[in-house]
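The following paragraphs lead through a structural model, beginning with a single residue and proceeding to the relation between the chains.

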Number of protein chains: 2
Amino acid sequence: MPERRGLLVILSSPSGAGKSTLARRLMSWDASLKFSVSATTRVARPGELEGQDYYFVSEEKFRRWVKDGELLEHAHVFGNNYGSPRGPVQEAIDAGRDVLFDIDWQGAQQIQKSALGSHTLSIFILPPSIVELRRRLISRGQDTADTIAKRMRKSWDEISHWDGYDYVIVNDDLTETEEKLKTIIRAERMRVAQQPRLLDHVRKLQNEFEDLT
Amino acid sequence: MPERRGLLVILSSPSGAGKSTLARRLMSWDASLKFSVSATTRVARPGELEGQDYYFVSEEKFRRWVKDGELLEHAHVFGNNYGSPRGPVQEAIDAGRDVLFDIDWQGAQQIQKSALGSHTLSIFILPPSIVELRRRLISRGQDTADTIAKRMRKSWDEISHWDGYDYVIVNDDLTETEEKLKTIIRAERMRVAQQPRLLDHVRKLQNEFEDLT
């Protein structure tokens with residue numbers, strides 16, 4: 001029986017547009033979805049868990065992974081390295097599970113070029129307004145004014161790449177946006193290429209047809 | 001302001017797989033959707049309405065339309081001609097309305113090649129079983145055994161082209177299939193290319209960003 005390879009679902013947005021919350025909601029919606037946990041050289045923020053939010057690794061280990069081709073994509077942001085380990089993704093798609101990536105536009109482009117043999121779909125979440133975006137960045141209460149200004153510039157850099165994505169959603173309402181994300185994933189799963197097992201159904205129909213005529 | 005061109009949504013399936021009912025349900029779901037009424041040279045069946053189910057035209061008129069390029073696609077089936085008039089479709093997509101086609105695989109291929117400048121998405125509805133398909137063809141009570149046998153062969157010819165479509169749905173349950181069709185159309189409308197007005201939103205964000213930094 002022909003087996004399905006998992007989809008690569010890329011979610012990008014500027015910081016503060018609700019992406020992490022949305023990714024978490026998608027993960028609890030569909031247990032077959034696999035979240036690609038990024039590796040990073042930055043230190044953990046309060047509450048962040050190793051292996052769940054990130055793999056926290058040393059500069060040395062990160063460089064070795066890059067050299068050995070162990071990362072599907074990697075980027076340098078605000079002095080820290082971030083990357084997507086290949087192993088867990090490869091394992092998931094081989095088992096027919098779709099993989100969700102929470103990465104920026106640079107990572108998205110690298111994933112789309114990676115030769116994983118899976119269909120990639122990319123979704124960009126736009127904020128309803130920049131004022132609102134800044135408000136959310138400030139309300140985290142973790143960053144200095146300088147850091148917030150830097151994040152705002154990075155946010156704009158991110159937004160400016162919105163039209164390189166397959167789908168775009170303006171996150172006016174978190175629940176509506178969650179529904180829209182599910183709609184996109186559900187639809188992509190109905191593509192012919194995503195349903196290799198339909199071949200068995202068509203063979204069954206053919207046998208029935210031959211028996212009847 | 002950049003304007004959206006309507007999508008071309010092609011629905012194909014063997015006769016008796018529920019396609020007409022599904023097309024009707026989609027039309028009552030979304031008033032902005034435009035149904036492409038086919039022209040045919042066959043006589044109207046009881047209950048069929050001119051301009052709603054088909055445009056019933058003479059052989060002479062049909063041939064003139066083909067010659068003048070007035071049909072986006074046309075096919076000869078069981079001694080009758082069928083085709084999709086270009087005018088109403090062009091008008092609808094120019095106004096940003098999506099158009100729904102209920103046509104066979106030959107028509108689908110011709111629509112996809114037609115230079116209408118719109119994105120085309122094609123959906124194939126598979127029956128759960130051939131026995132069920134034949135039951136539905138017989139229960140119409142309109143056809144002779146010979147006609148039913150001919151329709152069954154045509155049905156198989158249609159089914160054999162299932163994998164040339166973008167999406168495939170097995171119609172196990174009419175309401176579920178209706179939901180799946182809506183999911184596909186909703187998702188396709190979230191594609192970047194289908195939302196040219198987002199450019200205005202991004203410009204608004206850019207102005208806000210420049211005011212704040």
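In this predicted model, Arg25(B) lies in helix α1 of chain B, which spans residues 19-29; helices are DSSP runs of H or I with at least four residues, numbered from the N terminus. Local features need pLDDT of at least 70 and side-chain atom pairs pLDDT 80 or more, whereas totals for chains, interfaces and linings use all residues. Residues are numbered from 1 along each chain as its sequence is written, chains are lettered from A in the order in which they are written, and side-chain values use heavy atoms, without hydrogens and water.

Arg25(B) has a relative accessible area of 26% and is therefore partly exposed, that is, between the limits of 20% for buried and 50% for exposed (1.4 Å probe, protein chains only). Leaving aside residues up to four places away in sequence, Arg25(B) touches Leu174(B), Thr175(B) and Glu178(B), contact meaning heavy atoms within 4.5 Å.

Chain B is superposed on chain A by a rotation of 180° with 0.0 Å of shift along the axis, at an RMSD of 0.0 Å; the fit is by least squares on C-alpha atoms of residues with pLDDT of at least 70 in both copies. The two copies are thus related as by a two-fold rotation axis. In chain B, the C-alpha of Thr183(B) is nearest this axis, 2.8 Å from it.

Between the chains, helix α8 (residues 198-212) of chain A packs with helix α6 (residues 145-159) of chain B at about 160°, the axes being 11 Å apart; axes are lines fitted to C-alpha atoms over the stretch in contact, and angles run from 0 to 180 degrees between N-to-C directions. Therefore α8(A) and α6(B) are roughly antiparallel, a term for angles over 145 degrees.

How values were computed: Helix = DSSP H or I, 4+ residues; strand = E, 2+ residues; numbered from the N terminus. Parallel < 35°, antiparallel > 145°, perpendicular 65-115°, else oblique.
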